[in-house]
Amino acid sequence: MEKNNRDSDFLHIGNKLLGWYKNNARDLPFRKTKDPYKIWICEIVFQQTRINQGLNHYNNFIERFPDVSSLAEAQEDEVLLYWKGLGYYSRAINIHKAAQQIMTDFGGVFPSQYDEILELKGVGKYTAAAVSSICFGGRMPAVDGNFYRVLSRVFADDFDISGSRAFAYFSELAELVMPKNVGDFNQAMMDLGSEICKPKNPLCGECPLNEDCLAFSLDKVSDFPVKTKKVKTEDLHLNYYFVHYQGQFLIQQRKDDFIWKKLFEFPVVIPQELESFTKGVKTIRHKLTHKNLSIEIADVEITSEMVWLDFINKNGYIITDLHGSHEKSFPKPLESYIQNSLKD
């Protein structure tokens, strides 16, 4: 749709949304604070995780790392451990680096300006806008999938949300309806998109904006948002060796240049003389965003202490056991394999 300067005819939409939010806002712990550190952490946690799935993880993370300095001073492995179960571990690596960046570049004080927040490692335009508006009164719409969905339906706008200009386009569209209280407006859009204007089976009858929604009046809600670009899914095959001896097993830490950055894994190669200790091979299927994984894990049970020690000395693997593995962060399929292999 064609957008001119700010048009007061649309402001009632944003104000109506604020009225709904005042009475229907989700009761969440991070809604009770304006602490930019906590708002930042919650925004990162819930980027790829549903509220009901990630809330305990958020609470535990904040309890262990209550402020920027405690996070910055922590070891990376411990940060990854407290991120365990949330997936997308690069987020944890980035917030750890960003906390150190705040200590170094901003004197330990969380930056208040949108452009400064955007400089932090792993922070994009959405997160910077959310923190800026909620904590510091910044006037930036926190455009994400909820904004795309709600606004494209309200205006029956067929602008392709997969295009490179989508963020800028819908940011301008958001400004047409954006009231003075941008922080609450951004949170209201999050709640409306999550609870009412859902991707499938939206609750249009309960939506506070249904009288203003062109897609609803045209009975075309399911046509929006428009997304034509499809990301190709890649098939990926991984091989591991679960090398163990009397309840202990060997692990190594992944690098940070591929999937499962800095998480722990099993050895990926073994010398030919250990092949005779192989008991069997298990194949695990696992899905990541845009990747279908086929993981083959060979069970290698060493029965000779001499062979065990010789292999460790030559390769420098980390020795652990079931108890010790709880203190490490593994990719989900490998963690499940450990629990099933050693639970007896």
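Which residue's side chain meets that of E76 in a salt bridge? That one is K262, with 2.8 Å from N to O. Some notes on the surroundings of that pair, bearing in mind that this is a predicted model.

1. **Layout.** You're looking at two domains: domain 1 runs over 10-218, and domain 2 covers 234-342. Their C-alpha centres sit 37 Å apart. On the contact itself, domain 1 puts in 9 residues and domain 2 puts in 13.

2. **Buried area.** Putting domain 1 against domain 2 buries about 930 Å², and carbon and sulfur atoms account for 48% of that. On the domain 1 side, have a look at L81, K84 and Y89: this trio supplies 48% of what domain 1 buries against domain 2, more than any other three residues. Don't mix up the two percentages; one is about atom types over the buried area, the other about three residues on domain 1's share.

3. **Charges and polar pairs.** The rule picks out 2 salt bridges across the interface of domain 1 and domain 2. K262 with E76 is a salt bridge to pull up on screen, at 2.8 Å. As for polar contacts between domain 1 and domain 2, 7 residue pairs come up, both partners at pLDDT 80 or more.

4. **Who does the touching on domain 1.** Helix 5 (76-82) and helix 6 (90-105) each bring at least two residues to the side facing domain 2. Helix 5 gives the most, with 4 residues. Sorted by class, that side of domain 1 holds 5 nonpolar residues, 3 charged and 1 polar.

Key
Residues numbered from 1 in each chain as written. Predicted model: local features only at pLDDT ≥ 70, side-chain atom pairs only at ≥ 80, totals over all residues. Heavy atoms only, no water. Domains from an automatic or database assignment. Contact = heavy atoms within 4.5 Å. Buried area = accessible area lost by both parts, 1.4 Å probe. Salt bridge = Lys/Arg side-chain N within 4 Å of Asp/Glu carboxyl O. Polar contact = N/O pair within 3.5 Å; in protein donor to acceptor, adjacent residues only side chain to side chain. Nonpolar A, V, L, I, M, F, W, Y, C, P; charged D, E, K, R; others polar.
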